[in-house]
Amino acid sequence: MKVTKLAAVAATISLATMGVAQAGTLEDVMAKGAVTCGVSQGLPGFSNPDSEGNWSGLDVDFCRAMAAAVFGDAGKAEYKPLSAKTRFTSLTSGEIDVLPRNTTWTMSRDAHHGDFVGVNYYDGQGFMVRKDLGVASATELGGAAICTNTGTTTELNVADYFRANNMEYTVVAFEKADEVVAAYDAGRCDVYTTDQSGIAAQRTKLADPAAHVILPEIISKEPLGPLVRHGDNQWSDIARWSLNCMINAEEMGITSANVDEMAGSDNPAIQRQLGSAGDLGDLMGIPNDYCHQIVKQVGNYAESYDRNVGPDTPLGLARGLNALWNAGGILYAAPAR
Ligand SMILES: N[C@@H](CCC(=O)N[C@@H](CS)C(=O)NCC(=O)O)C(=O)O
């Protein structure tokens with residue numbers, strides 16, 4: 001008996017250290033009345049607070065979508081700013097329910113830290129330098145001092161890239177993103193490197209954005225997406241299908257402006273997606289009209305993209321890879337049926 005009890009305790013401890021949580025996130029979220037999302041400490045276009053502390057961005061929209069799915073109210077989301085380094089511990093410890101924080105889906109993260117539920121932005125790592133450095137290609141960066149964030153894929157990719165190209169470099173790394181940007185702006189390093197979307201976002205914070213140039217090389221694949229704790233399939237399904245809802249809504253031509261009308265469509269696929277037919281929401285333990293609420297309150301993927309990171313925003317990012325699969329990109333969500 002004693003042995004069995006000890007074995008059970010040992011098993012629990014080992015599950016906890018592996019970041020394996022018990023099921024029940026939906027119940028916890030319902031009880032506290034909000035979805036708690038881990039976000040960045042301020043990355044325009046992805047997760048950024050205004051002067052009144054209101055958060056916006058592509059990742060914030062995903063969080064709002066989950067709140068709309070669970071509560072029928074996108075406002076029932078709260079945000080916990082996290083550095084790159086501390087983000088995964090915050091998830092595994094249960095401090096947050098989901099981590100939509102410009103986080104690259106990699107195999108080791110998937111194995112150690114949680115389940116990625118999809119990709120909400122396909123990215124790749126790039127380099128920015130001051131124009132007056134006269135550098136036209138990353139292959140000319142031998143000997144450079146490079147500013148970057150600790151706890152990121154960025155610093156790992158830099159190491160790989162310079163090694164593969166037989167170049168030396170020195171790292172100037174900080175945990176806080178704003179310190180990295182400030183160090184680069186103050187000339188403490190020659191190069192700023194991160195995801196290309198991150199460069200577009202952080203460039204807006206420089207004293208003279210036009211004095212800098214982004215080099216042509218993209219040195220990695222950075223599929224950015226939200227993740228949830230291991231061990232709670234119901235919650236990962238809710239997260240996955242909240243994201244898929246926004247992508248499928250774009251594909252089906254459903255927008256925040258026409259969703260009420262579209263719910264009455266004769267098209268059975270649209271009816272299922274919006275919950276006017278079938279029981280897909282019920283199957284996940286959330287209201288059947290979860291996707292209707294997401295699109296009505298947050299918008300489809302294109303609406304969110306255009307509002308936060310698209311060509312008409314300060315980031316000015318073309319859809320590129322993030323266009324739908326049938327419009328020249330690779331965004332492809334499984335069907336709701
Ligand atoms: N996608 C990469 C990089 C993520 C990352 O943390 N990037 C920095 C530089 S753009 C950042 O988000 N900074 C904002 C912050 O820490 O608040 C990863 O998952 O490791």
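The exchange below goes through some calls made on this predicted model.

Biologist: Why is Ala74 called buried?

Modeller: A residue counts as buried when 20 or more other C-beta atoms lie within 10 Å of its own. Ala74 has 21 C-beta neighbours inside 10 Å, so it counts as buried.

Biologist: Where is Ala74 found, and between which elements?

Modeller: Ala74 sits in the loop between α3 (58–71) and β4 (77–81). Leaving out residues up to four places away in sequence, Ala74 touches Arg64, Ala67, Ala68, Gln297 and Val298. Phe88 is 14 residues from Ala74 along the chain, and the C-alpha atoms of the two are separated by 24 Å.

Biologist: What makes helix α8 largely enclosed by the rest of the structure?

Modeller: The helix covers residues 196–203, and 7 of its 8 residues are buried, so α8 is largely enclosed by the rest of the structure. The buried ones are Ser197, Gly198, Ile199, Ala200, Ala201, Gln202 and Arg203.

Biologist: Which elements do the buried residues of α8 pack against?

Modeller: They pack against the strands β6 (121–123), β7 (125–130), β10 (191–195) and β11 (212–214), and against helix α7 (177–185).

Biologist: How do you know that β8 and β9 pair?

Modeller: Pairing requires at least two bridges between the strands. Strand β8 (residues 144–149) and strand β9 (residues 169–174) have 6 bridges in the parallel sense, so the requirement of at least two is met. Within this pair, Ala144 stands opposite Tyr169 in β9. With helix α6 (residues 153–164), β8 and β9 make a right-handed β-α-β unit.

Biologist: What are the domains of the chain?

Modeller: The domain assignment gives domain 1 as 14–122 + 224–327 and domain 2 as 125–220. Domain 1 gives 20 residues to the contact and domain 2 gives 15. On the side of domain 1 that touches domain 2, the residues divide into 10 nonpolar, 9 polar and 1 charged. The C-alpha centres of the two domains lie 29 Å apart.

Biologist: Why is the ligand said to lie between domain 1 and domain 2?

Modeller: Both domain 1 and domain 2 give residues to the shell around the ligand, so the ligand lies between them.

Biologist: Which residues come nearest to the ligand?

Modeller: Of the 20 residues around the ligand, the nearest are Ser40, Gln41, Ala84, Ala177 and Gly198. The elements giving two or more residues to this shell are α6, β10, α8 and β12 (222–224). The shell residues divide into 4 nonpolar, 14 polar and 2 charged.

Key: Residues are numbered from 1 along each chain as its sequence is written. This is a predicted model: local features need pLDDT of at least 70, side-chain atom pairs count only at pLDDT 80 or more; totals for chains, interfaces and linings use all residues. Helices (H or I, at least four residues) and strands (E, at least two) are DSSP runs, numbered from the N terminus. A crossover is right-handed if, with the strands pointing away from the viewer, the path from the first strand over the helix to the second runs clockwise. Domain bounds come from an automatic or database domain assignment. Two residues are in contact if their C-beta atoms, placed from the backbone, lie within 7 Å. Ala, Val, Leu, Ile, Met, Phe, Trp, Tyr, Cys and Pro count as nonpolar, Asp, Glu, Lys and Arg as charged, and the others, Gly among them, as polar. A residue is buried if 20 or more other C-beta atoms lie within 10 Å of its own, exposed if 12 or fewer, and partly exposed in between; C-beta atoms are placed from the backbone. A residue is near a molecule or strand if its C-beta atom, placed from the backbone, lies within 6 Å of it.
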